[in-house]
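Open the model in your viewer and keep the sequence panel beside it. We will go from stop to stop, and at each one you will hear what to select and what is there.

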Amino acid sequence: MVMRTFPTLDELIRRFDTDLADLVGRTDSASSRSERRLLPAMEVRRTDAEYVVRVELPGVDPDSMDVTVDGSILRVRAERRGATEEQGEQLRREIVHGTFEREVVLPFRIDPEKLSARYEDGILEVRIPYAGRRALKVPVDLASGEKPALNAAR
């Protein structure tokens, strides 16, 4: 038995995906690639002040991007449109076109009013600051008009 090693987990997953696709009969033809779901790479970082979400979106029109926060869910939607029909026979197609949606569950202590997004060089970067921590003093009312005992011994 020959044992293969993979340099990264991503390579192992890619290989598993390819082997599984071969098992169920998907080939690398142009039609099957074009039907494949667009799922861009994403990374999420936590800093001392905010969450930073970066999504690879090369070739995506910024007008098609929709970034929303609903409760604790950050949702990024966009569409990569295909090139207009050109003359000639297409021999290979590996660029995936279509719409996609990615979601990230955020902690509940964020400030959605200060969310910002920037698209540059094919990367969408969304910054979500943490909500400021405030200590609130809560007054305690007594049921009776008595003052609370501060010392047990008199």
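Tyr51 and Tyr130 make a good starting selection: in this predicted model, both of these residues are buried. Show their rings and you have an aromatic pair in edge-to-face arrangement. The centres lie 5.6 Å apart, with 90 degrees between the planes. Tyr51 belongs to strand β2 (residues 50–56) and Tyr130 to the segment after β7 (123–129), so the pair ties together parts that are 79 residues apart in sequence. If you go looking for other pairs of this kind, the count for the structure is one aromatic pair.

Stay with Tyr130 and add Arg109 to the selection. What sits over the ring of Tyr130? It is the charged end of Arg109, 5.8 Å from the centre of that ring.

**Stepping back**

Now zoom out and colour by secondary structure. You should find two helices and seven strands, running α-α-β-β-β-β-β-β-β from the N terminus on. The protein has 154 residues, of which 20% count as buried. Among contacts with a separation of 6 or more, 51% are between residues 24 or more positions apart.

**Between β2 and β7**

Side chains of opposite charge can pair when their charged atoms come close. The structure holds 12 salt bridges, and a few of them are worth a visit.

Select Glu50 and Arg127 next. Their closest N and O atoms are 2.2 Å apart, in a salt bridge. Glu50 is in strand β2 and Arg127 in strand β7, so this pair links parts that are 77 residues apart in sequence. Is Glu50 buried or exposed? With a relative accessibility of 16%, Glu50 counts as buried; Arg127, at 29%, counts as partly exposed.

Add Arg54 and Glu125, whose side chains also meet in a salt bridge, at 3.8 Å from N to O. Here again strand β2 supplies one partner, Arg54, and strand β7 the other, Glu125, so parts that are 71 residues apart in sequence are tied together. Arg54 is partly exposed, with a relative accessible area of 29%, while Glu125 counts as buried at 18% relative accessibility.

Before leaving the salt bridges, select Glu79 and Arg81, where the N to O distance is 3.7 Å. Both partners are partly exposed: Glu79 has 28% relative accessibility, and Arg81 has a relative accessible area of 47%. Then go back to the earlier selection and add Glu43: salt bridges that share partners join Glu43, Glu50, Arg54, Glu125 and Arg127 into one network.

**Two arginines in β4**

Move to strand β4 (residues 73–80) and pick Arg80. Which side chain of opposite charge is nearest to Arg80? It is Glu56, 7.7 Å away. A salt bridge needs a nitrogen and an oxygen within 4 Å, and the buried Arg80 has none. Show the backbone of Pro58 as well: its oxygen lies 2.9 Å from a polar atom of the Arg80 side chain.

In the same strand, select Arg75. Arg75 is buried, with a relative accessible area of 16%. Its side chain makes a polar contact of 3.3 Å with the side chain of Glu101. Expand the selection to what Arg75 touches, leaving out residues up to four places away in sequence, and you get Asp66, Val67, Thr68, Asp70, Glu101, Arg102 and Glu103.

One of these neighbours of Arg75 is Asp70, so keep that residue selected for the next stop.

**Asp70 and Asp121**

Asp70 is in strand β3 (residues 66–70) and is exposed, with a relative accessible area of 53%. Put a distance label between its C-alpha atom and that of Pro112, and the viewer should show 9.0 Å, although the two residues are 42 apart along the chain.

For the last stop, go to the loop between β6 (116–120) and β7 and select Asp121. Most residues other than glycine have a negative phi. What is the phi of Asp121? It is positive, at about 55 degrees, although Asp121 is not a glycine. Turn on the surface too: at 75% relative accessibility, Asp121 counts as exposed.

Key. Residues are numbered from 1 along each chain as its sequence is written. This is a predicted model: local features need pLDDT of at least 70, side-chain atom pairs count only at pLDDT 80 or more; totals for chains, interfaces and linings use all residues. Side-chain values use heavy atoms; hydrogens and water are left out. Rings of Phe, Tyr and Trp (its six-membered ring) pair if their centres lie within 6.5 Å; planes under 30 degrees apart count as stacked, over 60 as edge-to-face and the rest as tilted. Helices (H or I, at least four residues) and strands (E, at least two) are DSSP runs, numbered from the N terminus. Buried means under 20% relative accessible area, exposed over 50%, partly exposed in between (1.4 Å probe, protein chains only). A charge sits over a ring if NZ of Lys or CZ of Arg is within 6 Å of the ring centre and within 35 degrees of the ring normal. Lys and Arg count as positive and Asp and Glu as negative; His and the chain ends are not counted. A polar contact is a pair of N or O atoms within 3.5 Å; within protein, one must be able to donate a hydrogen and the other to accept it, and residues adjacent in sequence count only if both atoms are side-chain atoms. Contact means heavy atoms within 4.5 Å.
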